[in-house]
Amino acid sequence: MTEPSLDLDAVKAFVRIAEFGSFTRAAESLGTTQAAMSLKLKRLEDRLGFRLIERTPRYVELSARGTAFLVHARELLSVHDRALCAVAGARQRLTIGISDHVAGPELPALIARMNAQDPQLLIEIRIGSSNDLLQSFDRRELDTVLVRLHAGRSDGEVVVEERFGWFAAPGWQHSAAEPLPLATMAEPCGVRAMAEQMLDEAGIPWAEVFVGGGVMAVASAVMAGLGVAALSARMVPFGAVDVGPRLGLPTLPRLPVLLHTRIRNGRASDALAALSAAFKSAVRN
């Protein structure tokens, strides 16, 4: 007698529970109820003949066999998604938010890498501040965001860390009698807040002389000789000089770039893996 096949909805429910570590949040992500999720999981466990999830009053934890099955469950859903797209000929949409402090000159190469991974994927990219993009991500307006570390959040996967410095135009000189002239991003901006706090803690007087709506505008002000800016070395125009050591400015920390995503399998997941790999390569080079 032929064994009954696995219920894909039940498999998807299990994967979401495993990813969120919560029946409630997994149910919300699928637009259903906690009771329905529990029922689907029980049906799947009955079909497999073993428990997938160990339930406790405080948390949800995968069993040893559940951990092993999760790999196969994700593969099953990925193959299913690819099969549907191949038959339907439809483009899957992937919406990505990239922080202005992250999207650098290599962005065209990153987009090309994702397109090469899957030419049938419809990619939508929005550029903005890390704060705004994270809010859009939390509202489920974006599938994925690539942002700077944001105060008060501990989620997200660190993709890479990169060096920051105090950059100015070549030949720019600062009068010791004047506050340090700063070119900054508009609020809210984590890099701006960090830089100003470090100057205050070091007892270095400063004054904002330019506020830009994007990193390109700030870098342009720097190269125009208006002052200095705390920027990633990757983001400044060729010829800009790190004047931090010469002026005795506090050393800026290496800042992480984090990936927040709800995409865990399928074609979009492969494209994101290509994006992360390409970004790591661009930053390290």
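Helix H1 (residues 8-20) has 13 residues and should span 18 Å at 1.5 Å a residue, which agrees with its end C-alpha atoms being 18 Å apart. The expected span is 1.5 Å times one less than the number of residues, and helices (H or I, at least four residues) and strands (E, at least two) are DSSP runs numbered from the N terminus. This is a predicted model, in which local features need pLDDT of at least 70 and side-chain atom pairs count only at pLDDT 80 or more, while totals for chains, interfaces and linings use all residues. Residues are numbered from 1 along each chain as its sequence is written, and side-chain values use heavy atoms, with hydrogens and water left out.

At the N-terminal end of H1, Asp-7 acts as a cap, with a side-chain oxygen 2.9 Å from the backbone nitrogen of Asp-9. The buried residues of H1 (under 20% relative accessible area, 1.4 Å probe, protein chains only) are Ala-10, Val-11, Ala-13, Phe-14, Val-15, Ile-17 and Phe-20.

Two residues with positive phi are worth a look:

| Residue | Phi | Place |
|---|---|---|
| Gly-21 | near 65 degrees | follows H1 |
| Arg-140 | near 65 degrees | loop between helix H6 (130-138) and strand E5 (144-148) |

Arg-140 is partly exposed (between 20% and 50%), at a relative accessible area of 44%.

Now for the nonpolar cores, sets of buried Ala, Val, Leu, Ile, Met, Phe, Trp, Tyr and Cys residues joined through side-chain atoms within 4.5 Å. The largest holds 33 residues, and Trp-166 and Leu-180 are among those with the most contacts inside it. Strand E7 (164-168) and helix H7 (190-201) are among the elements that each supply at least two residues of this core. Another core, of 21 residues, lies apart from it and includes Leu-94 and Ala-268.

Notes
A polar contact is a pair of N or O atoms within 3.5 Å; within protein, one must be able to donate a hydrogen and the other to accept it, and residues adjacent in sequence count only if both atoms are side-chain atoms.
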